[in-house]
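Thanks for coming. I have one model to go through today, and I will keep to the computed geometry.

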Amino acid sequence: MKENQGQMIITAGQIVWTHECEKALADADSARKNLKLLKKKWISYLNKLTAVTRSKLNKIERNKVVALITIEVHARDVIEKLGKSNCSSTNDFEWVSQLRFYWDREKNDCIVKQVLSVFYYGYEYQGNNGRLVITPLTDRCYMTLGAAMFTRRGGNPLGPAGTGKTETVKDFGKALARYVIVFNCSDGVDYKMTGKMFSGLAQTGAWACLDEFNRIEVEVLSVVATQIAAVMQVRLGLVAGAQFSYTLWLCSCEAVGPRQPFHFGPRSLPPPPHTHTHPHTHTALHSCVRPRLLNHNLILNLASTLA
C-alpha cells in the first residue's frame, strides 16, 4: 500500500472484487453459500484495513486507507445485497447494475461495465483527494449518467441544494479516471466563455460539469444550446467537427449540468436558433486527448497480487 498510488490500489481492488463476485455467482446452485463466504472474506479484509488505520501513518498513507475503506465498504454492502436478493447469476440485474471493473487481457486494458454501458478506464491521475460514500441513490445516478455518456448524451441531475449532485458527477469521473472540470455558471456567463470552454474540452477529452446551469440568462442559453448541440452531433458521428469562435475542433468531451429546481431562472433549455454552416467547415481534425498518467501494467500487476 505504501509503494503504490491510492487510485491504483482502489482500481486493482475493484477488479479483484468483480472477479470474486462473478466467481461466486458462477454456479447457480451454490451462489447463495458462496456469497456468504465472500461476505465473511470481505469483512475480514475490512477489519485488516481498520487495523491499519490504528497504526502510525503519515497524511498521504492515511488518505489512501480511508479512500480504500470507503470503496470496500460499498463492495461489502453489494455482496450482502446480492445475497438478500437471491442473486444466482452474473446476468441478474442486481449484479449487472453495479459498476464492474474488468481487465481485458486481449486488449491489455481496464474496462468498466454497467448494465449495457461499456467504458475504457481513463488513467487520469486524481490524487489522494478522497472518495464519496456510495449509497443506493448514488448507484442509480451512476447508472443513469453512465447510460447517458455511453449513448453520447449529457446528464442533468436535478435536486435541492446540498444534496450532492456535483459531487456525484465528480466521483463518477474519479471512478472512471476521467478529468472533470466543474464550471460554476452565473448570469454573467456569455456565449464566448462557453465557446472557449467547449473548445478546450474538445482538446482534452474531459468531462464538463456545468454547475447551476439554470442561472444562465435565457438569451445566452439559446446560443449555448446550439454549441451543446454541435458537440453532441460530433459525439454521435453526424459531423466531423464543431466550430466555436472561428476555431474548429474534433470534440471528444462530455457535458453534465446539475441544477436546482427552485432557483429563480430559466427552467428549460430553449430551442437553438437555425444555423447555416458551410460544408467545408466540417473538416476532420485529430483529437488531442489527455495522455495517460497511470501505468496500466502496474494496475494489472497490483490486481494479480491482491487476488
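I will take the strands, then the turns and loops, then the salt bridges.

Some ground rules. This is a predicted model, so to speak of local features we need pLDDT of at least 70, and side-chain atom pairs count only at pLDDT 80 or more, while totals for chains, interfaces and linings use all residues. Residues are numbered from 1 along each chain as its sequence is written, and side-chain values use heavy atoms, with hydrogens and water left out.

Helices and strands here are DSSP runs, numbered from the N terminus: H or I over at least four residues for a helix, E over at least two for a strand. Two strands pair if DSSP finds at least two bridges between them. Buried means under 20% relative accessible area, exposed means over 50%, and partly exposed is in between, with a 1.4 Å probe and protein chains only.

Start with β4, residues 180-184, and β5. These two strands run parallel and are joined by 5 bridges. One pair to look at is Val182, whose bridge partner in β5 is Cys209. Between the strands comes helix α7, residues 191-204, and β4, α7 and β5 together make a right-handed β-α-β unit. Right-handed means that, with the strands pointing away from the viewer, the path from the first strand over the helix to the second runs clockwise.

How many residues of β5, 207-211, are buried? The count is 5 of 5. Both faces are covered: Trp207, Cys209 and Asp211 are buried on one side, and Ala208 and Leu210 on the other.

Now the antiparallel part. β1 and β2 pair over 5 bridges in the antiparallel sense, and Asp104 has Asp109 as its bridge partner in β2. The two strands form a hairpin with 4 residues between them, and Asn108 in that turn has a positive phi of about 55°. In β2, 5 of the 6 residues are buried.

β2 also pairs with β3, again antiparallel, over 4 bridges. Here Ile111 is matched with Tyr120 in β3. This second hairpin has 2 residues between its strands. Val115 lies in that loop, and its phi is near 55°, a positive value in a residue other than glycine. For background, most residues other than glycine have a negative phi. Arg152, in the loop between α5 (136-150) and α6 (165-175), is not a glycine either and has a positive phi of about 60°.

Staying with the β2-β3 loop, Leu116 is also placed there. Leu116 is exposed at 70% relative accessible area, while Val115 is partly exposed at 31%. With Phe93, these two residues make a nonpolar surface patch of about 320 Å². Patches take residues with over 30% relative accessible area and no salt bridge; nonpolar side chains (Val, Leu, Ile, Met, Phe, Trp, Tyr) are joined within 5 Å, and like charges within 9 Å. Accessible areas come from the Shrake-Rupley method with a 1.4 Å probe, and for residues only the protein chains shown count as cover.

In the loop between α4 (93-96) and β1 (100-104) sits Gln98, which is buried at 2% relative accessibility. Its side chain reaches the backbone oxygen of Glu94 at 3.4 Å.

Last, the salt bridges, of which the structure holds 8. The criterion is a side-chain nitrogen of Lys or Arg within 4 Å of a carboxyl oxygen of Asp or Glu.

What joins Asp171 to Arg131? Their side chains meet in a salt bridge, 3.0 Å from N to O. Asp171 lies in helix α6 and Arg131 in the loop between β3 and α5, so the pair ties together parts that are 40 residues apart in sequence. Both residues are buried.

Lys84 and Glu80 form another salt bridge, with the closest N and O atoms 3.3 Å apart. They are 4 residues apart in helix α3 (residues 59-84), which means a separation of about one helical turn. Lys84 is exposed at 65%, and Glu80 is partly exposed at 27%. Lys39 joins Glu80 and Lys84 in a network of salt bridges.

The final pair is Arg215 and Glu212, at 3.4 Å between the closest N and O atoms. Arg215 is partly exposed at 34%, whereas Glu212 is buried at 14%.

That is the end of my list.

Terms used:
A polar contact is a pair of N or O atoms within 3.5 Å; within protein, one must be able to donate a hydrogen and the other to accept it, and residues adjacent in sequence count only if both atoms are side-chain atoms.
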